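The following exercises are to be worked through with the sequence and the coordinates at hand. Each task is followed by a solution that proceeds step by step.

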Amino acid sequence: MNASSTALPGGTWALGDSTVTRFGYGAMQLAGPWVMGPPADREGALAVLREAVAAGITHIDTSVAYGPRVTNALIHEALHPYQESLFIATKVGANRDAQGGWPTARRPEDLHKQIHETLQTLGVETLDLVNMRMGDAQGPKPGSLTESFETLVELQRNGVVRHLGVSNVTAEQVAEARGIAPIVCVQNGYNLAHRHDDDLIDRLAADGIAYVPFFPLGGFTPLQSEALTAVAARLEAMPMSVALAWLLQRSPNILLIPGTSSTAHLRENIAGAGLALSDDDVAELERIGR
Ligand SMILES: NC(=O)c1ccc[n+]([C@@H]2O[C@H](COP(=O)([O-])OP(=O)(O)OC[C@H]3O[C@@H](n4cnc5c(N)ncnc54)[C@H](OP(=O)(O)O)[C@@H]3O)[C@@H](O)[C@H]2O)c1
């Protein structure tokens, strides 16, 4: 499943019938402050997207809620017509309000509207992957996802969506979705310091399902820890590189979608994620999340 036919760290992974690089890119940070409005540096944002694809990245994560519509429009402008190999993952389940909040929007009519806007802004007729996003900004919340997920399953049957995933979900919701239709990935918050999904990751790996951590670098609160700084200093590497390398080594089903609005950080992350961590390094890093 992971034939390493890419120069990018981590090799590749099969997401359904598509092969993607395990080193991907998350587009959320390209919108304005707090993911609202246009970027301060529009040309810089387009340059990051073009450089990501030029570096060989074939997995980009976005959502029509980012901006809203801003990151999809940037992706379209920078990269359309899309290379055959490019896999664009999207998500539905929330709108944006005037204050920058993320009110949930998961009724069938809400989802149809979001899917329509996603198709329109990305300029495609079929979406590679749609994640059904549950929970709220604080994380997953218990409750049934059946009505929402079945709406996406119907869109998949109609050929509008190729692959399905779930996001910001509990292990119970993952099982509920899998009881309805196959999923290719789970996208949840996870990094060196937030290890709630350790068991879930291992179970998904055994079943060949990808786990795509959002906030791999800590998101709006960048990862900071003495152990991370110490390991990075010992390896003469950047702490963010160590955090990404640890995720790639943690499990073969983990796909990276680190966000950045800077080509310098993009380059640094690509170069650094291939760092080989020794057992001692990993043991020291593992103490962060305990
Ligand atoms: N499903 C969901 O509910 C959900 C929620 C949140 C996010 N996501 C997805 O997950 C992706 C990743 O999450 P994220 O972007 O919020 O968080 P992240 O990848 O953990 O961190 C991004 C932050 O790290 C900084 N950064 C990146 N590389 C760096 C480097 N080498 N040195 C120093 N700082 C660096 C970025 O700043 P610079 O711009 O200055 O580089 C940015 O502020 C998003 O883009 C989005 O696609 C999904």
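**Exercise 1. The annotated domain**

Task: State which residues the UniProt annotation "domain: NADP-dependent oxidoreductase" covers, and determine how far apart the end C-alpha atoms of residues 24-288 lie.

Solution. The model is a predicted one. According to the unreviewed UniProt entry, the domain annotation covers residues 24-288. The C-alpha atoms at the two ends of that span are 25 Å apart. In secondary structure, the span is 41% helix and 11% strand.

**Exercise 2. The shell around the ligand**

Task: Determine how many residues surround the ligand, and how the residues of the shell divide into nonpolar, polar and charged.

Solution. Step one is the count: the ligand is surrounded by 28 residues. The closest of these are Gly 26, Met 28, Leu 217, Gly 259 and Thr 260. Step two is the division by character, which gives 11 nonpolar, 13 polar and 4 charged residues. Step three is the origin of the shell: helix H9 (residues 263-272) supplies the largest share, 3 residues.

**Exercise 3. Helix H1**

Task: Test the length of helix H1 (residues 42-54) against 1.5 Å a residue, then establish where its buried residues lie around the axis.

Solution. Helix H1 has 13 residues, and because the expected span is 1.5 Å times one less than that number, the helix should span 18 Å. Its end C-alpha atoms are indeed 18 Å apart, in agreement with the expectation.

The buried residues of H1 are Ala 45, Val 48, Leu 49 and Ala 52. Viewed down the axis of H1, they fall within an arc of 90°, and therefore they line one face of the helix. The general background is that an α-helix has 3.6 residues a turn, so residues three or four places apart point the same way. The face of H1 turned away from the buried side carries the exposed residues Glu 43 and Ala 54.

The cover over the buried residues of H1 includes strand E3 (25-26), strand E4 (59-61), helix H2 (70-79) and H9. After H1 comes Gly 56, with a positive phi near 110°.

**Exercise 4. Helix H3**

Task: Repeat the analysis for helix H3 (residues 108-122), and state what its buried residues pack against.

Solution. Helix H3 has 15 residues and reaches 21 Å from first to last C-alpha, close to the 21 Å expected at 1.5 Å a residue. Its buried residues are Leu 111, Gln 114, Ile 115, Thr 118, Thr 121 and Leu 122. Seen down the axis of H3, these fall within an arc of 135°, so they line one face of the helix. Glu 109 and His 116 are exposed on the other side of H3.

The buried residues of H3 pack against H2, strand E5 (87-92), strand E6 (127-133) and helix H4 (146-157). H3 is followed by Gly 123, which has a positive phi near 70°.

**Exercise 5. Classifying Ser 148 and Lys 113**

Task: Is Ser 148 buried or exposed, and which residues does it touch, leaving aside those up to four places away in sequence?

Solution. Ser 148 lies in helix H4. A residue is buried if 20 or more other C-beta atoms lie within 10 Å of its own; Ser 148 has 23 such neighbours and therefore counts as buried. Its contacts are Gly 93, Arg 106, Leu 111 and Met 132. Ser 148 and Met 132 are 16 residues apart in sequence, with a C-alpha to C-alpha distance of 7.4 Å.

Lys 113, found in helix H3, has 15 C-beta neighbours inside 10 Å and so counts as partly exposed.

**Exercise 6. Backbone features in loops**

Task: Which peptide bonds to Pro 68 and Pro 81 are found, cis or trans, and what is phi of Phe 215 and of Glu 236?

Solution. The bond from Gly 67 to Pro 68 is cis, with omega near -15°; Pro 68 is in the loop between E4 and H2. The bond joining His 80 and Pro 81 is cis, with omega about 0°; Pro 81 lies in the loop between H2 and E5.

Phe 215, in the loop between strand E9 (210-211) and helix H7 (226-235), has a positive phi near 55°. With 21 other C-beta atoms within 10 Å, Phe 215 is buried. Glu 236, in the loop between H7 and helix H8 (239-250), has a positive phi near 55°. Glu 236 has 7 C-beta neighbours inside 10 Å and therefore counts as exposed.

Conventions: Residues are numbered from 1 along each chain as its sequence is written. This is a predicted model: local features need pLDDT of at least 70, side-chain atom pairs count only at pLDDT 80 or more; totals for chains, interfaces and linings use all residues. A residue is near a molecule or strand if its C-beta atom, placed from the backbone, lies within 6 Å of it. Helices (H or I, at least four residues) and strands (E, at least two) are DSSP runs, numbered from the N terminus. Ala, Val, Leu, Ile, Met, Phe, Trp, Tyr, Cys and Pro count as nonpolar, Asp, Glu, Lys and Arg as charged, and the others, Gly among them, as polar. A residue is buried if 20 or more other C-beta atoms lie within 10 Å of its own, exposed if 12 or fewer, and partly exposed in between; C-beta atoms are placed from the backbone. The arc is that of the directions from the helix axis to the C-beta atoms. Two residues are in contact if their C-beta atoms, placed from the backbone, lie within 7 Å. UniProt positions are given in the numbering used here, feature names are shortened, and annotations may be inferred rather than shown by experiment.
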